[in-house]
Amino acid sequence: MPRSPAAAAAPTAAAPPAPPSVGRRLAALLYEGVLLFGIVFFAGLAFALATGQRNGLVHHNLLAAWVALVVGGYFVWFWTHGGQTLPMKTWRLRVEGADGRPLSAARALARYLLGWLWFLPPLAMHPLLGFSVPGTLAAAAVWFALWAAAARLHPARQFPHDRLAGTRIVALPRA
């Protein structure tokens, strides 16, 4: 029996999405940092106005927790509502589960928390090992480069925090 036109047009097996280059993801990360500067600025302003903070050393731990909550909310919201932040849309990237499904809030939160592994280990060296500020910055640069290079060891070029969270970044085709 001949196949219907609709059946002929349907793909038999979906090809796995192409992994984006590490450079492309790092460029999106840089753009994300620029955008986060504004988000963190307004989160800090809202905190200062709500608490009457006039000195950055007053309630600094509470401010850090507030900023982490706001930034986490930003990422979890966008990752669970389309899988893309504005920089990810610009660079045609999308985050999804390792199985290709959209992220749940729990998986997006896990990815956000594991994403802090880009920064926290070298920053912990400053107070724990008594590193100087230049030493801490050098350790952070080395750690950042090693973390990014680790993606080259994965067949789909995924960063370690994506593998741990059960997520992946995929490249989207041009429209």
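## Charges and surface

Let's start with the charges: the chain carries 15 positive and 4 negative ones, and the mean positions of these two groups are 5 Å apart. Keep in mind as you explore that this is a predicted model.

How much accessible surface does the chain have? The accessible surface comes to about 11,000 Å². Carbon and sulfur atoms account for 73% of that surface. As for the inside, 30% of the 175 residues in the chain are buried.

## The overall layout

If you follow the chain from its N terminus, you meet its elements in the order α-α-α-α-β-α-α-α-α-β. In total that gives eight helices and two strands. The chain has a radius of gyration of 20 Å, well over the 16 Å that the globule rule gives for 175 residues, so the chain is more spread out than a compact globule. Along the principal axes, the C-alpha atoms fill a box of roughly 80 × 35 × 25 Å.

Which residues account for 69% of the contacts with a separation of 6 or more? They are residues 24 or more positions apart in the chain.

## The two strands

Now look for strand S1, which covers residues 93–97, and strand S2, which covers residues 167–171. What is the sense of their pairing, parallel or antiparallel? S1 and S2 pair in the antiparallel sense, over five bridges. To find a matching pair of residues by eye, pick Gly-97, which stands opposite Thr-167 in S2.

S1 is mostly covered, with four of its five residues buried. As a general point to help you read any strand, side chains in a regular strand alternate between the two faces of the sheet.

## Two arginines with positive phi

Two loop residues are worth a visit for their backbone angles. Arg-92 has a phi near 55°, a positive value in a residue other than glycine. Arg-92 sits in the loop between helix H4 (86–90) and strand S1 (93–97). Its relative accessible area is 25%, and because the partly exposed class runs from 20% to 50%, Arg-92 counts as partly exposed.

Arg-157 also has a phi near 55°, again positive in a residue other than glycine. You can find Arg-157 in the loop between helix H7 (133–149) and helix H8 (160–165). Is Arg-157 buried or partly exposed? With a relative accessible area of 28%, Arg-157 is partly exposed.

## Around Trp-147

Helix H7 is home to Trp-147. Trp-147 has a relative accessible area of 10%, and that is under the 20% cut-off for burial, so Trp-147 is buried.

Which residues does Trp-147 touch, once its neighbours within four places in sequence are left aside? The contacts of Trp-147 are Leu-117, Trp-118, Phe-159, Pro-160 and His-161. You can also use Trp-147 to practise with distances: Trp-147 and Met-125 are 22 residues apart in sequence, and their C-alpha atoms are 16 Å apart in space.

## A stop at Ala-64

Our last stop is helix H3 (residues 60–80), where Ala-64 lies. Ala-64 is partly exposed, with a relative accessible area of 46%. How far apart in space are Ala-64 and Gly-44? From C-alpha to C-alpha they are 9.0 Å apart, with their positions 20 residues apart in sequence numbering.

Methods: Residues are numbered from 1 along each chain as its sequence is written. This is a predicted model: local features need pLDDT of at least 70, side-chain atom pairs count only at pLDDT 80 or more; totals for chains, interfaces and linings use all residues. Side-chain values use heavy atoms; hydrogens and water are left out. The radius of gyration is taken over C-alpha atoms; the globule rule is 2.2 Å times the number of residues to the power 0.38. Buried means under 20% relative accessible area, exposed over 50%, partly exposed in between (1.4 Å probe, protein chains only). Contact means heavy atoms within 4.5 Å. Accessible areas come from the Shrake-Rupley method with a 1.4 Å probe; for residues, only the protein chains shown count as cover. Lys and Arg count as positive and Asp and Glu as negative; His and the chain ends are not counted. The place of a charge is taken as NZ of Lys, CZ of Arg, CG of Asp or CD of Glu. Two strands pair if DSSP finds at least two bridges between them.
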